[in-house]
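Subject: Structure for you to look at

Dear colleague,

Here is the structure I said I would pass on. My notes on it follow below.

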Amino acid sequence: MADPPSDTYSQSNILPPPSVLRHVVDAHCHPTDTVIQPASMDKLPIKICAMATRVSDQAKVADLATAYPTKVVPCFGYHPWFTHWVTLHQNVSKEQHYRSLFLRACSNSEPPKHYDTFQSMLPTLPDPISLSSLISTLRSNLVAFPHAMLGEVGLDRSARVPVHPDATPRILSPFTIPLEHQTAILMAQLEIAVELHRNVSLHDVKAHQATLDLLRGMSETHKENWWAISVDLHSCGVSPEMWKDIERTQPNVFLSLSICINSRSQNHVALIKSCSPGRILVESDIHDIDYCAPYTWSMIKIIADVKGWRVEEQWDYDDEKSTQQEKWGAVRRLEHNWRAFERGNHPSPLKPKKPEWVAGGNRKSRMRVAKDRNEWVSDNSEPDN
Ligand SMILES: [Zn+2]
């Protein structure tokens, strides 16, 4: 989630005609965080993936997708910033629950000011909701919308819990949410995504290694069922080296970049350079629907610039141009990537062991035997571009 844009921003960013914009998908935004005017939705020229984040906004996302089915891909899920409201245990009191998260290292030597902060925050914190009830709501929302994704979910090592959940400006407490708690809630949601075959929008802030471990773990546990769904690592600040490693070993993971988050860091140009042309998506990560198109468009222009792709000023694809990928502009390429993301069913990064390892029969039958025995070896070859 990003800060509000400046008012001058959209005016300085001239958009192409609707014939081009209708091929653009904003892979990650938060329109239900503000009041949405119907006029804004009516004039929205692109498709958006609208994220839910907490208990109170799942229904808002559902309502938006119901009202604008061709413009909105609904995304249901629980963001790491709000996972302290969720309990993994039955029959714990509110105080026990929040103590176990925030004062877990508390001993007699704990600084009293943290304890005082805890005591003053406790009345403003909601009663914790059980993970099982949250998962059952998630399941029914995903079932109700067959094209819905899981999002926004993920891990965040740097977020601190606000002293009061609703007060503005937000005053941050010293408390963070333990990573193992966040991971348990994320894993439970990812299991539903695998079961229902849904793509994922994944948040990772300062938790790159934990995220990578988790992706590897899901690969090992679910194999084909994991690679059947796509995962969008959204507005993520991984290093180019780490991204290359993810791309090589995780065939179902895409990278989406936003001008709000990624362009704040010098890393983003190197990250775009390191990303295969077929694995990159765009997003706004913004909560004001009026800015989704201009922010997404700005990111398209940055990517086009770094990759040396032309930017379509009109939709000029005849039959010949459509078949020649080298003539495609940035919008067409990113639309192609979005479709691959949406479709899923990515190739396995593992190869069956060489048929020679299984004796007897012809090559085909040896391959089959190796596959049936589930004898797989890791494929460390370079990815196809
Ligand atoms: Zn977000």
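I begin with D245, which sits in helix α11 (residues 240-249). D245 counts as partly exposed because it has 13 C-beta neighbours inside 10 Å. L212 lies 33 residues away from D245 along the chain, and the C-alpha atoms of the two are separated by 9.4 Å.

Please keep in mind that this is a predicted model.

Overall picture

The protein chain has 385 residues, of which 36% count as buried. There are 16 helices and 14 strands in the chain. If one takes the contacts between residues at least 6 apart in sequence, 76% of them join residues at least 24 apart.

Helices α12, α13 and α15

The notes on helix packing come next. Two packed helices are described by the angle between their axes and the distance between the axes.

Helix α13 (292-307) has 16 residues, which should span 22 Å at 1.5 Å a residue; the end C-alpha atoms of α13 are 22 Å apart, so the two values agree. The buried residues of α13 are C292, A293, P294, Y295, T296, W297, S298, M299, I300 and I303. Just after the helix comes G308, with a positive phi of about 70 degrees.

Helix α12 covers residues 267-274, and its axis comes within 9 Å of that of α13, with a crossing angle of roughly 65 degrees. That crossing is right-handed. On the α12 side the residues involved are V269, I272 and K273, and they meet I303, V306 and K307 of α13. Sorted by class, the contact of α12 with α13 has 4 nonpolar and 2 charged residues, and no polar ones.

Helix α13 also packs against α15. Their axes come within 10 Å and cross at roughly 105 degrees. The two helices are therefore roughly perpendicular to each other. I300, I303 and A304 of α13 meet A330, V331 and L334 of α15. What kinds of residue make up the contact of α13 with α15? There are 6 nonpolar residues, no polar and no charged ones. I303 of α13 thus appears on both lists: it meets residues of α12 and residues of α15, and I303 is also buried.

Helix α15 itself runs over residues 330-343, which makes 14 residues. From first to last C-alpha α15 reaches 20 Å, close to the 20 Å expected at 1.5 Å a residue. Buried in α15 are A330, V331, R332, R333, L334, N337, W338 and F341. A330, V331 and L334, which meet α13, are among these buried residues. What covers the buried residues of α15? The cover includes the helices α2 (18-21) and α13 (292-307), together with the strands β1 (25-29), β10 (231-234), β11 (253-257) and β12 (280-282). As after α13, a glycine with positive phi follows: G344, just after α15, has a phi of about 70 degrees.

Helices α8 and α9

Helix α8 (residues 179-196) packs with helix α9 (residues 208-222) at an angle of about 35 degrees, and their axes are 12 Å apart. The crossing of α8 and α9 is right-handed. L179, T183, L190 and V194 of α8 make the contact with A210, L214, M218 and H222 of α9. By class, these residues divide into 6 nonpolar, 2 polar and no charged.

Backbone points to check

Two residues in the loops on either side of α9 have a positive phi without being glycine. K206, in the loop between β9 (200-205) and α9, has a phi of about 50 degrees. K223, in the loop between α9 and α10 (224-227), has a phi near 40 degrees. K206 counts as partly exposed because it has 13 C-beta neighbours inside 10 Å. K223 has 15 such neighbours and so also counts as partly exposed.

There are cis peptide bonds to look at as well. One joins G151 and E152, with omega about 5 degrees, and E152 lies in strand β6 (residues 149-156). The peptide bond from T168 to P169 is also cis, with omega near -5 degrees. P169 is placed in the loop between β7 (160-162) and β8 (172-176).

Regards

Terms used: Residues numbered from 1 in each chain as written. Predicted model: local features only at pLDDT ≥ 70, side-chain atom pairs only at ≥ 80, totals over all residues. Helix = DSSP H or I, 4+ residues; strand = E, 2+ residues; numbered from the N terminus. Expected span 1.5 Å × (residues − 1). Buried ≥ 20, exposed ≤ 12 C-beta atoms within 10 Å, placed from the backbone. Contact = placed C-beta atoms within 7 Å. Axes fitted to C-alpha atoms, helices over the stretch in contact; angles between N-to-C directions. Left-handed = near helix turned anticlockwise from the far one by under 90°. Nonpolar A, V, L, I, M, F, W, Y, C, P; charged D, E, K, R; others polar. Parallel < 35°, antiparallel > 145°, perpendicular 65-115°, else oblique.
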